Amino acid sequence: GATEGGSRVVCDAGLLPRFRQVGASGTLVEPRCYLALGIAGAPQHLQGIQRCERVVAVNTDLYADMVKRADLSIIHDAQEVMPALARLAREKRHGA
C-alpha cells in the first residue's frame, strides 16, 4: 500500500518522474508513516512532509535535519538497511 516519492535530486537525475517529487516544489504528502531513506532534509523537502504522522529516517549523518525531524532514526547507510526493511515488510504482509 505504499507510494514512491523522492527528493528533487532523485527526480532531477531522472530516477523518478517529476510528479513523484516530494517537497515545496513538488507534492505535499500526508502518510501515516514516511520512510526517509538517505534524505538529508532540505527545507523544501521537510515542508512537503510536515503533515506526516510518523517519520522514520535512515541516514549516516546523525545531525541531518531529517534525523532531527524523525520519530525514529537509524544511523546507518540506507543502501545497507533497505534490504532488511524490505524483507520485514514482505514477512509482515505474508504473515510470517
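## Exercises on pockets, a helix and a strand

Helix α4 contributes the most to the lining of the largest pocket, giving 10 residues. The model you are looking at is predicted, and the exercises below walk through parts of it.

**Exercise 1. Describe the largest pocket: its volume, its lining and the elements that take part.**

Solution.
- Step 1: Start with the space itself. The volume of the largest pocket is about 1,500 Å³.
- Step 2: Turn to the lining, which is made by 35 residues. Those nearest the centre are Ala2, Thr3, Glu4, Leu35 and Leu37.
- Step 3: Find the elements. Two or more lining residues come from each of β1 (33-37), β3 (72-75) and α4 (78-93).
- Step 4: Sort the lining by class. It holds 21 nonpolar, eight polar and six charged residues.

**Exercise 2. Do the same for the second largest pocket.**

Solution.
- Step 1: This pocket holds about 240 Å³ of space.
- Step 2: Its lining has 15 residues, and Ser7, Arg8, Val9, Ala42 and His45 lie nearest the centre.
- Step 3: At least two lining residues come from each of α1 (8-12) and α2 (43-48).
- Step 4: By class, the lining has six nonpolar, eight polar and one charged residues.

**Exercise 3. Check the length of α4, then look at what lies at its start and just after it.**

Solution.
- Step 1: Work out the expected span. With 16 residues at 1.5 Å a residue, taking 1.5 Å times one less than the number of residues, α4 should span 22 Å.
- Step 2: Compare. The end C-alpha atoms of α4 are 22 Å apart, so the two values agree.
- Step 3: Look at the start of α4. There, a side-chain oxygen of aspartate 77 comes within 2.7 Å of the backbone nitrogen of glutamine 79.
- Step 4: Move past the helix. Glycine 95, just after α4, has a positive phi of about 75 degrees.

**Exercise 4. Which residues of β1 are on its covered face, and which strand does β1 pair with?**

Solution.
- Step 1: Recall the general pattern: side chains in a regular strand alternate between the two faces of the sheet.
- Step 2: Apply it to β1. Tyr34 and Ala36 form the covered face, while Cys33, Leu35 and Leu37 form the uncovered one.
- Step 3: Test one covered residue. Alanine 36 has a relative accessible area of 0%, under the 20% cut-off, so alanine 36 is buried.
- Step 4: Find the partner. β1 runs parallel to β2 (residues 54-59), and five bridges join the two. Cysteine 33, for one, has arginine 54 in β2 as its bridge partner.

Conventions: Residues are numbered from 1 along each chain as its sequence is written. This is a predicted model: local features need pLDDT of at least 70, side-chain atom pairs count only at pLDDT 80 or more; totals for chains, interfaces and linings use all residues. Side-chain values use heavy atoms; hydrogens and water are left out. On a 1 Å grid over the protein atoms alone, a cavity is a set of points where a 1.4 Å probe fits but cannot get out, and a pocket is an open set with protein on both sides within 12 Å along at least five of seven lines; lining residues have an atom within 4 Å of a point. Grid points are joined across faces, edges and corners, and a volume is the space filled by probe spheres set on the points. Helices (H or I, at least four residues) and strands (E, at least two) are DSSP runs, numbered from the N terminus. Ala, Val, Leu, Ile, Met, Phe, Trp, Tyr, Cys and Pro count as nonpolar, Asp, Glu, Lys and Arg as charged, and the others, Gly among them, as polar. A polar contact is a pair of N or O atoms within 3.5 Å; within protein, one must be able to donate a hydrogen and the other to accept it, and residues adjacent in sequence count only if both atoms are side-chain atoms. Buried means under 20% relative accessible area, exposed over 50%, partly exposed in between (1.4 Å probe, protein chains only). Two strands pair if DSSP finds at least two bridges between them.
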